[in-house]
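Let's work through this one together, question by question. Have the model open while you read.

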Amino acid sequence: MMIILAMAWFLSYADRVSMSVSSIPMQVEFGWDETTKGVVMGSLFLGYIGSQLLGGWLVGRVGAARVIGLTVLAFSILTLLTPAAAGISFSMLIAARIGLGIAEGFAVPATYAFLGRWSPPGERSRLLAIVVSGATIGAPGGLMLSGVLVENFGWQSPFYVFGLLGLTWAVYWLVISYETPESHPRISDEERELLREPELEAKGPLLVPVRRILRHPAVWAIIINKFCVLWMVYVFLAWLPSYFSAVQGISLAGSGVFAALPWIAMSLVLYIASGYADGLLIRGKTIDFVRKLMQVAGLAGSMVFLALIPLADSALMALLATCCAMAALACCYSGADPTVMEIAPRYRGFLTGLVGTISNLPGVIAIPMIGWLVDTTGSYSWGFISAAILNLIGIVVWLLYGTGRKVID
């Protein structure tokens with residue numbers, strides 16, 4: 001099931017980055033400046049951050065597995081409709097992108113709630129790595145495929161290809177998925193016992209202690225660190241193809257490949273880091289030690305290489321710096337990221353929705369802001385510098401308040 005979920009995240013990120021490549025010829029066809037192009041790419045995140053809390057609430061009412069299937073169905077249909085929306089008007093294009101973001105936002109708390117229910121603590125980093133690798137492979141896969149499709153079949157083609165693949169996935173998931181280990185007809189009793197969480201078996205309606213969650217510093221440590229990580233992720237996701245094309249002089253298809261390679265580096269390190277983190281837990285290291293070690297390593301390592309990108313005087317040096325920055329960031333997915341499933345097990349859906357709502361603000365802020373900075377200064381450097389500064393803030397906050405222990409019953 002985690003491998004199948006990874007495929008959904010692949011499609012979700014491919015749907016996002018297809019616009020990063022398609023927007024280059026769309027900019028010429030529709031007469032956009034860099035600021036307008038940034039608004040198009042960033043509009044998805046208006047819906048994305050606005051729906052995650054509602055998604056967390058919906059998971060508690062209808063179940064994570066069903067929410068995942070229906071949201072993938074919805075965002076695949078909207079992906080298919082994107083070229084038609086662009087042909088009608090700019091406003092329709094923005095509306096389609098916001099709708100796509102709403103659907104993808106529902107999927108995030110559903111995925112984390114589902115994963116938390118199906119993963120024992122000693123395997124959680126590795127199982128999360130499988131799912132997240134769908135995104136880290138989906139970004140480069142989407143960039144490379146989009147580059148080839150756009151050059152050979154026009155800017156509309158990535159939306160059609162990824163939309164049809166998503167429709168197929170959604171139908172398959174709705175047929176084969178099960179909400180809990182107890183409801184699955186083919187797993188062993190030993191596996192059911194391994195995945196059993198007695199605190200989730202309490203009777204009565206689930207009342208979320210919203211005020212207690214909002215007041216806990218560990219919750220805000222997760223939010224701030226996810227914000228820092230996603231600022232860098234979204235700057236790379238949206239602007240790397242344009243950076244390699246405009247600054248390093250790479251062709252359209254080549255810029256897609258160059259922008260994809262950092263994500264491939266991240267995918268490789270993701271598995272290594274998650275295996276190392278789970279191994280530390282199995283060998284008796286405390287959950288706090290492991291989560292702090294991995295988060296700080298990820299933020300500090302990427303901060304160093306982010307600072308080197310503006311100094312790159314060749315495409316190769318820029319490629320090496322961006323690859324190393326993303327590879328280091330992979331450690332964070334064994335740091336702060338799993339703690340949304342650990343600090344409040346009964347409220348995973350709500351907590352993931354809350355964290356996702358606030359921490360995904362970089363999609364709305366960073367992507368258009370970088371476009372404006374490029375128009376104003378003629379340089380992409382501030383995108384990388386801003387990410388490095390935020391990484392330093394994240395390190396300080398996580399060392400002071402971060403934890404992987406259950407702190408909210």
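Q: Is the crossing of α2 and α9 right-handed or left-handed?
A: Handedness depends on how the near helix is turned from the far one by less than a right angle: anticlockwise is left-handed, clockwise is right-handed. Helices here are DSSP runs (H or I, at least four residues), numbered from the N terminus. For α2 and α9, the crossing comes out right-handed.

Q: How are α2 and α9 oriented to each other?
A: This is a predicted model, where local features need pLDDT of at least 70, side-chain atom pairs count only at pLDDT 80 or more, and totals for chains, interfaces and linings use all residues. Residues are numbered from 1 along each chain as its sequence is written, and side-chain values use heavy atoms, with hydrogens and water left out. The axes (lines fitted to C-alpha atoms over the stretch in contact, with angles from 0 to 180 degrees between N-to-C directions) come within 12 Å and cross at roughly 150°. Angles under 35 degrees count as roughly parallel, over 145 as roughly antiparallel, 65 to 115 as roughly perpendicular and the rest as oblique, so α2 and α9 are roughly antiparallel.

Q: What about α4 and α13, how do they lie to each other?
A: Helix α4 (residues 90-117) and helix α13 (residues 348-359) have axes 8 Å apart. Their packing angle is about 140°. That makes the pair oblique.

Q: Which residues of α13 make the contact with α4?
A: Contact means heavy atoms within 4.5 Å. On the α4 side you'll find Val108, Pro109, Tyr112, Ala113, Gly116 and Arg117. Their partners in α13 are Arg348, Gly349, Thr352 and Gly353.

Q: Is Gln52 buried or exposed?
A: Gln52 sits in helix α2 (residues 34-62) and touches Val108, Pro109, Thr352 and Gly353, among others further than four places away in sequence. Buried means under 20% relative accessible area, exposed over 50%, and partly exposed in between (1.4 Å probe, protein chains only). With 0% relative accessibility, Gln52 is buried.

Q: Which helix gives the most to the largest nonpolar core?
A: A nonpolar core is a set of buried Ala, Val, Leu, Ile, Met, Phe, Trp, Tyr and Cys residues joined through side-chain atoms within 4.5 Å. The largest has 117 residues, and Trp263 and Phe236 are among those touching the most other members. The top contributor, with 20 residues, is helix α9 (residues 217-246).

Methods. Helix = DSSP H or I, 4+ residues; strand = E, 2+ residues; numbered from the N terminus.
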